[in-house]
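Here are a few short exercises to work through with the model open beside you. Try each task before reading its solution.

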Amino acid sequence: MVIMNISSVPGVRSIGTNPTPIWGMSSTERLRRMAAAQKLRYREDGNGPVLLVAASHVFEPAWLKFMLDRPGQVLTLDGEKVIAHLPSDTGNGFPEGLTEVRVEDNRTFYNAALRKREEPVIARLDPGTVKAIERKTYFGAYKGVTDILTKYLWPEWALVLTRIAAKIGMSPNQVTAIGAALCLLATWLFWIGEYGWGMAAGLVFMVLDTVDGKLARCTITSSEWGNVFDHGVDLIHPPFWWWAWGVGLSHWGLAYTHLEFTLVMIAIVGGYVVQRAIEGAFIRRFNGMHIHVWEKIDSDFRLITARRNPNMVILFVATLFGRPDIGLIAVAVWTVLSCLFHAVRLVQALRRRRRGVKIRSWLTV
């Protein structure tokens, strides 16, 4: 076992003060949370290596990670020193003689967790820049590869709610809990055939499902339990929605026969489980890479693949025309087709690897 000498791990210290809050906290508090999330010690003073950070600026965690590997260097933005990695803390602020690393020359990073190439936010914080910085950090917290509603319809609504939640001090888990309650309400409403009200409750839940993750990333309050809670709800509820939708058809006089209901549920629920299994198999076989970021076609297909949000679009349109029964059949067909697409892509990736082709994300090229 290799035991890390704690004295060799840089501490983190803020220089100066800044009264301007962002996401309901000061830049110094944001730095404290960021340091804790990266297992670094925040300190006011002390000996040993240190990352000195100017309180005049705010930035995303990628920049702190970037400077961890650059002892003896200082990161600058428009000529201003923002983060310096010193071999020892002199307690006298930014020293002279450090090698300059310009933000302007190191803009693009690959974020594996969010499946995208990005330009992490780093900016001077003052009252005139708060809203612009909050907007940038919010959109920076979005996954690059996701479904069409999450990517194009929810963002502006969720931004307003994320700002409100941060301002009143709500935690991401509280947002997730409210969403979970609405998710259960939507399930019951589908069960009794109240599809309009069910979709309304589901809509708010789906927006909140975006808010909790963005709130956690923007306020640096992500937690292991919060991640399990959020993703657990996301993973488990869709089959119950589709089952409840099928039961609710009886209230419209459109109930399936027993055989029809069984076949539709096998296609939807079975297809959902198999598709998730394919995604998991791809992750295991290709070093944690998601199937949706392999090639551009996979990222494009993720916009419309048979997941909750695209399926709800199908059901919404069908219900508008008074045929929620046909909508559920359409979801079943689309689930099977999506499952086949992902199965083919997994087989293609395995075959290419056997031929010696390196499987890597198109976003890292």
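Helices (H or I, at least four residues) and strands (E, at least two) are DSSP runs, numbered from the N terminus. The model is predicted, so local features need pLDDT of at least 70 and side-chain atom pairs pLDDT 80 or more, while totals for chains, interfaces and linings use all residues. Residues are numbered from 1 along each chain as its sequence is written, and side-chain values use heavy atoms, without hydrogens and water.

**Exercise 1.** Find the residue with positive phi that follows α9, and check the span of the helix.

Solution. Start with α9, which covers residues 258-285, 28 residues in total. From first C-alpha to last, α9 reaches 39 Å, close to the expected 40 Å; the expectation is 1.5 Å times one less than the number of residues. Next, look past the helix: Asn-287 has a positive phi, near 55 degrees.

**Exercise 2.** Describe how domain 1 and domain 2 meet.

Solution. First, take the bounds, 11-123 for domain 1 and 142-355 for domain 2, from an automatic or database domain assignment. Then count the contact (heavy atoms within 4.5 Å): domain 1 gives 11 residues and domain 2 gives 16. Now take the buried area, the accessible area (1.4 Å probe) that two parts lose on being put together, summed over both. Between these domains it is about 1,300 Å², with 64% from carbon and sulfur atoms. Finally, ask which element gives the most on the domain 1 side. Helix α1 (residues 27-37) does, with 4 residues.
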